[in-house]
Structures are given as C-alpha cells and as structure tokens.
Amino acid sequence: MSRRHRWKLDGVERANSVTWNPHKMMSVPLQCSALLVREEGLMQSCNQMHACYLFQQDKHYDLSYDTGDKALQCGRHVDIFKLWLMWRAKCLELSEYLYNKIKDREGYEMVFDGKVAPVIKARMMEYGTTMVSYQPQGDKVNFFRMVISNPAATFEDIDFLIEEIERLGHDL
C-alpha cells in the first residue's frame, strides 16, 4: 500500500500464509489484524468448532459466506471491518475533495462532451506520472473514472492529479 516501501514485501506471493497487523502503522485497534492463507479450507479445518447454536447448517444461502467457523476468534472476526471503514472514510473524503475541486474549477465539467480522456490517459502513461481509467457512461462519451482506494493518498495527490490532467490536456 506504499510505493516507497513496496519492496519490503518482495517475494510475499510465494508464502503459504501472511499476517498483517495494521494497528502499528495505521492507528487502528489492536484486534484489527488479517491472516491470509493460500490453501482453501485451511482456516475452517483449523478453527471449526461445529458450534451448532452459532453456525446453523440449514440456512437458505451458501454457507461458504459464513466466516465465523473459519476465524481464529469466532465472533471477533469482523474486527478487520474497522480498518475497512477507516480506509473507506479516507477515500470518501478524498473523493469529495476531488469532486469539489473539479466542480468549482474553471474549464472543467464532471462529464466533458468530447474525446479527451483517452488522449490524456495515453499521455499519462507516456509520461509515467499517473494513471486514471476512463469509460463511457450511457450515451455520453468517455470520461475519467476516479477510483481512490489507496489509504496513503492525500489532498496533495488529488491536487497533483487535477494539475496533471490540465497540463496534459491543455492543447486539446
């Protein structure tokens, strides 16, 4: 989740399991940890308690969605939700900031009637400064599709993105 420190995880894809404790670097509650395993069914075979009063087998949906009998702490397995909520809150804040910056900026429209998005994206890739996807929406032309999912993103990154789009598309 960090371009600067990504190298520290080189080779992690070869591991059979990985634990991650974001409380140390992201200020989330101590219980918020993740244990990822490669082998399907391993967590359930190791942790399954067969507590029929908790995990009924006669539900009217796919039982593979029930995570309780697969988790280390049974009912505490949703603590990772705290991290997800913090992450989403930051990304939503950044998305709102981006929306307001574009909405109030002269020369910008939320959906521009033209074909500039593919040209600007090609220039982004050529210069290697950033990359934003684009897509059509209904009968409208291609427009930039802003998806912010990096918790390390900042308002300065959003400002840079807007300036970069403007710089790369100034002649269009």
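I began with a definition: two strands pair if DSSP finds at least two bridges between them.

**Ground rules.** I am reading a predicted model, where local features need pLDDT of at least 70, side-chain atom pairs count only at pLDDT 80 or more, and totals for chains, interfaces and linings use all residues. Residues are numbered from 1 along each chain as its sequence is written, and side-chain values use heavy atoms, with hydrogens and water left out.

**Entry 1: confidence.** I looked up pLDDT, the predictor's confidence in each residue, from 0 to 100. The protein chain has a mean of 79, with 81% of its residues at 70 or more. Among its elements, helix α5 (residues 155-168) has the highest mean pLDDT, 92, and helix α1 (residues 23-26) the lowest, 67. I keep in mind that where pLDDT is low, the predicted coordinates should not be read in detail.

**Entry 2: the overall plan.** I found five helices and four strands in the protein chain; these are DSSP runs (helices H or I, at least four residues; strands E, at least two), numbered from the N terminus. Along the sequence, their order is β-α-β-α-α-α-β-β-α. Of the chain's 172 residues, 23% count as buried, meaning under 20% relative accessible area, while exposed means over 50% and partly exposed lies in between (1.4 Å probe, protein chains only).

**Entry 3: the hairpin.** Next I followed strand β3 (residues 133-137) into strand β4 (residues 140-145), and the two pair in the antiparallel sense over four bridges. Which residue in β4 is the bridge partner of Tyr 134? I found Phe 144 there. Two residues sit between the strands of this hairpin, and Gly 138 takes a positive phi near 60 degrees.

**Entry 4: a lysine indoors.** I then turned to Lys 121, in helix α4 (residues 116-127). This lysine is buried yet has no salt bridge, that is, no side-chain nitrogen of Lys or Arg within 4 Å of a carboxyl oxygen of Asp or Glu. Its nearest side chain of opposite charge, Glu 126, is 14 Å away. Leaving aside residues up to four places away in sequence, Lys 121 touches Met 131, Val 132, Ser 133, Tyr 134 and Phe 144; contact means heavy atoms within 4.5 Å. I was pleased to see both Tyr 134 and Phe 144 of the hairpin bridge in that list.

**Entry 5: a glycine in a loop.** My last stop was Gly 107, in the loop between α3 (80-103) and α4. Is Gly 107 buried or exposed? Gly 107 counts as exposed because its relative accessibility is 69%. I also noted that its C-alpha atom is separated by 9.3 Å from that of Glu 166, 59 residues apart along the chain.

Key
Lys and Arg count as positive and Asp and Glu as negative; His and the chain ends are not counted.
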